[in-house]
Amino acid sequence: MSVKIKKIKNNQYIVRCDEQDIGTITTYHNEFHNKYLYLKFNLTKYPTYFPFNEIKQAEGQSLQVMTDSTNADNCF
């Protein structure tokens, strides 16, 4: 499985898995924890491997992901 990302906007990456677009990742800052860059996923599937280090290097910040506690069915 080949997973690649490409920055398409200032705060958005497109994700491709085996040459198919599977959605986007949007980056944002949380006003209470601005030390980290947060990721919001909008994907049709979640690959087992993900190039998070590429986003971290491109953005120059540590990454953080949050999910709602009621979102138990969609946890990775």
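## Five strands in one sheet

Two strands count as paired here if DSSP finds at least two bridges between them. With that in hand, let us walk through this predicted model. The chain holds one helix and five strands, and reading along the sequence gives the pattern β-β-β-β-α-β.

The five strands form an open sheet in the order 1-2-3-4-5, and the pairing is mixed. Strand 1 (3-9) and strand 5 stand at the edges with a single partner strand each, so one side of each has no neighbour in the sheet. On average, neighbouring strands of this sheet are turned by 35° against each other, direction ignored.

## From the hairpin to strand 4

A good place to start is the hairpin formed by strand 2 and strand 3, which has two residues between its strands. Asp18 sits in the turn and has a positive phi of about 50°. The two strands run antiparallel and are joined by six bridges; in this pairing, Ile14 stands opposite Thr24 of strand 3.

Strand 3 (residues 20-28) also runs antiparallel to strand 4, again through six bridges. Two positions help to trace this pairing by eye: Gly23 stands opposite Leu43 in strand 4, and Thr27 stands opposite Leu39 in strand 4.

## The β-α-β unit

Where does the parallel sense come in? Strand 4 (residues 36-43) pairs with strand 5 (residues 62-65) in the parallel sense, over four bridges. Tyr38 has Gln64 in strand 5 as its bridge partner.

Helix 1 (residues 52-59) belongs to this part of the chain too: together with strand 4 and strand 5, helix 1 makes a right-handed β-α-β unit.

## The nonpolar core

In soluble globular proteins, nonpolar side chains tend to be buried together. Which residues make up the largest nonpolar core here? There are twelve: Val3, Ile5, Tyr13, Val15, Cys17, Ile22, Ile25, Leu39, Phe41, Leu43, Phe50 and Ile55. Strand 1, strand 2 (12-17), strand 3 and strand 4 each supply at least two residues of this core.

Leu39 is a rewarding core residue to click on. Not counting residues up to four places away in sequence, Leu39 touches Ile25, Thr26, Thr27, Tyr28, Phe52, Ile55, Leu63, Gln64 and Val65. Among these contacts, Thr27 is the residue that stands opposite Leu39.

## A closer look at Thr24

Thr24 is found in strand 3. Is Thr24 buried or exposed? Its relative accessible area is 15%, and buried means under 20%, so Thr24 is buried.

Leaving aside neighbours within four places in sequence, Thr24 is in contact with Ile8, Gln12, Tyr13, Ile14, Lys40, Phe41, Asn42 and Leu43. Ile14 in this list is the residue opposite Thr24 in the hairpin pairing, while Tyr13, Phe41 and Leu43 belong to the largest nonpolar core. Ile5 is another core residue; Thr24 and Ile5 are 19 residues apart in sequence, and their C-alpha atoms are 8.8 Å apart in space.

## The chain as a whole

How much of the chain is buried? Buried residues make up 28% of its 76 residues. The chain exposes about 5,700 Å², and carbon and sulfur atoms supply 47% of that area.

One last number concerns contacts along the chain. Among those between residues at least 6 apart in sequence, 36% join residues at least 24 apart.

Terms used:
Residues numbered from 1 in each chain as written. Predicted model: local features only at pLDDT ≥ 70, side-chain atom pairs only at ≥ 80, totals over all residues. Heavy atoms only, no water. Right-handed = clockwise from strand over helix to strand, strands pointing away. Axes fitted to C-alpha atoms, helices over the stretch in contact; angles between N-to-C directions. Core = buried A, V, L, I, M, F, W, Y, C linked by side-chain atoms within 4.5 Å. Buried < 20%, exposed > 50% of the residue type's maximum accessible area, 1.4 Å probe, protein only. Contact = heavy atoms within 4.5 Å. Areas by Shrake-Rupley, 256 points an atom, 1.4 Å probe, with all protein chains shown as cover.
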